[in-house]
Structures are given as C-alpha cells and as structure tokens.
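Hi,

Here is the structure I promised to pass on. Have a look at it first, and my notes come after.

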Amino acid sequence: MSGIKGTNKELYAKKSGISTLSTMGKRTDISYENIKRIEYLFAQDKQPGYIVFISLTNQAEKVEFKQETNDEILSLVNTLKKKFPDIDYEEHEERMYHSGLNIFLLISLVIGILYLIYSLFYWSGAFGGEESLAGQIGIGIATALVAPHLIVTALAALFNALGLFMRKRAFALTGAILYTVAVILFPLYFMFVIIEVIFSFIGFAKMPK
C-alpha cells in the first residue's frame with residue numbers, strides 16, 4: 001500500500017481508516033467512524049502545509065507536507081468527501097504572522113521605515129529653516145555625507161519588505177547586509193539602524209531553508 005510522504009510522517013488511507021507512520025516508527029490508526037473533522041492547509045512556496053485528523057474525543061493527528069504533495073492531499077480530501085460526507089472538512093487560508101510572517105523582519109521593516117520618514121522631515125526642515133549662506137552650505141555638506149547612508153537604508157528597507165512578504169531568504173539576507181552597510185557609511189547614526197541590523201539577521205536565521 002503506497003502512502004503520502006509528509007515531512008514528519010507518512011500518511012496512509014486504508015479502507016477502514018487513516019494510518020500514520022512517524023519517522024521514529026510510531027504508528028497511529030484512526031477509523032473513519034471516529035473522525036469528526038479534517039482540517040487542512042495547502043503548502044505555498046517554502047511554507048509547509050498540513051492535514052489534521054480530529055477524532056470524536058478531540059485527539060488530533062497532524063501530518064505536514066511540502067508543496068509538491070499538494071495534489072496528493074487534494075485528491076485524498078476529495079475522495080474522503082465523497083465517501084464520508086458526514087465528516088466536517090475545513091480548509092484553512094494562508095497563514096499570516098503566526099504561521100509564516102516573520103515577526104523579526106516585520107519589526108525591522110517598521111523601524112526602518114519610521115527612521116526614513118523621520119530623516120525626510122528632519123533634513124527638509126533643516127534646509128528650510130536655515131537662512132544664512134554659511135548655514136546652507138553647512139547643511140548641504142552634512143546632507144551630502146548622510147545621503148549615501150539614507151539611500152542604502154532605503155534599499156535595505158525595500159529588500160527587508162521583499163524578504164518579509166515574499167518569504168525569500170535571499171532578499172531578507174540582502175536587507176540585513178544593506179542595513180549593516182548603512183551603519184558603516186555613517187557610524188554617527190548607528191543607533192537608528194542597529195536594531196534593524198540585529199532583527200534582520202535574526203529574522204533571516206529563523207526563515208525556513
């Protein structure tokens with residue numbers, strides 16, 4: 001009897017019920033008569049999917065799987081719906097923060113955007129409030145010095161956002177590196193970017209490979 005290979009267990013649909021076999025060799029059997037609800041979520045990109053069999057006594061047996069297994073899970077669910085219509089079937093939508101959206105990358109992005117907004121108002125206000133020629137020249141020089149820092153920070157925030165919402169490790173890592181470069185370009189303002197650096201690298205490390 002061929003089964004559906006999940007990331008943590010193998011799933012077998014038999015005539016009498018569902019069987020799972022863990023990587024440690026533990027076998028669990030649930031008869032169809034004892035299943036009251038089946039919950040499932042299809043895998044997307046690098047986010048795993050799952051199917052959960054919940055018994056009448058509220059015991060849950062969960063099998064996680066990769067995106068290439070979606071068709072097999074869909075076929076199994078459709079077959080069970082036809083044969084056992086009395087079971088409740090619940091398809092879950094794409095998970096957000098608690099199930100995929102990286103909180104560390106999110107915090108880094110929010111702080112990065114707030115810093116950029118603050119910098120925009122600060123430097124535009126500084127330019128507009130200084131009337132003397134010497135003051136204007138001084139502010140111009142300061143702006144020229146800080147401009148590369150802000151440009152790189154903006155790029156870092158962009159890749160930070162791409163890594164967060166597209167769940168791409170490469171983008172998240174690029175954002176973290178760019179935040180680090182922004183600190184190096186203007187060390188005097190390191191306190192405004194160091195949190196983004198730390199949280200971006202933590203967020204990257206916690207993303208699924």
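Below is what I found, going from the helices to the strands and then to the charged pairs. Keep in mind that this is a predicted model.

Let's start with helix 1, residues 70-83. Its 14 residues reach 20 Å from the first C-alpha to the last, close to the 20 Å expected at 1.5 Å a residue. Which residues of helix 1 are buried? They are Asn70, Ile73, Leu76, Val77 and Leu80. These cover an arc of only 130° around the axis, so they sit on the same side of helix 1. That fits the usual pattern: with 3.6 residues a turn in an α-helix, residues three or four places apart point the same way. On the face of helix 1 turned away from the buried side you'll find the exposed residues Asp71, Lys82 and Lys83.

Helix 2 spans residues 103-129, and leucine 120 lies in it. Leucine 120 has a relative accessible area of 59%, so it counts as exposed, the cut-off being over 50%. Leu120 is also one of the residues making a nonpolar surface patch of about 600 Å². Its partners in that patch are Val110, Ile113, Leu114, Ile117 and Phe121.

Next, the hairpin. Strand 6 (residues 49-55) pairs with strand 7 in the antiparallel sense, over 6 bridges. Isoleucine 51 stands opposite valine 63 of strand 7. There are 4 residues between the two strands of this hairpin, and asparagine 58 takes a positive phi near 70°. Strand 7 itself (residues 60-65) has two faces: Glu61, Val63 and Phe65 are on the covered one, while Ala60, Lys62 and Glu64 are on the uncovered one. So Val63, the residue opposite isoleucine 51, belongs to the covered face.

On to the charges. A search of the whole structure turns up 7 salt bridges. Aspartate 29 and lysine 14 form one of them, at 3.6 Å from N to O. Aspartate 29 is in strand 4 and lysine 14 in the loop between strand 2 (9-13) and strand 3, so this pair ties together parts that are 15 residues apart in sequence. Both ends count as partly exposed: aspartate 29 has 46% relative accessibility, and lysine 14 has 23%.

Arginine 37 is worth a look as well. Its side chain meets that of glutamate 39 in a salt bridge of 2.7 Å, N to O, and that of glutamate 90 in another at 3.9 Å. What does the pair with glutamate 90 tie together? Glutamate 90 lies in strand 8 (residues 88-91) and arginine 37 in strand 5 (residues 35-41), so the pair links parts that are 53 residues apart in sequence. As for cover, glutamate 39 is buried because its relative accessible area is 14%, under the 20% cut-off. Arginine 37 is partly exposed at 25%, and so is glutamate 90 at 35%. Elsewhere, salt bridges that share partners join Lys14, Arg27 and Asp29 into one network.

One last spot is threonine 23, in the loop between strand 3 (17-22) and strand 4 (27-31). With 67% relative accessibility, threonine 23 counts as exposed. Its C-alpha atom is separated by 6.4 Å from that of asparagine 8, a residue 15 places away along the chain.

Cheers

Technical notes: Residues numbered from 1 in each chain as written. Predicted model: local features only at pLDDT ≥ 70, side-chain atom pairs only at ≥ 80, totals over all residues. Heavy atoms only, no water. Buried < 20%, exposed > 50% of the residue type's maximum accessible area, 1.4 Å probe, protein only. Salt bridge = Lys/Arg side-chain N within 4 Å of Asp/Glu carboxyl O. Patch = residues over 30% accessible without salt bridge, like charges linked within 9 Å, V, L, I, M, F, W, Y side chains within 5 Å. Areas by Shrake-Rupley, 256 points an atom, 1.4 Å probe, with all protein chains shown as cover. Pairing = 2+ DSSP bridges. Expected span 1.5 Å × (residues − 1). Arc of directions from axis to C-beta.
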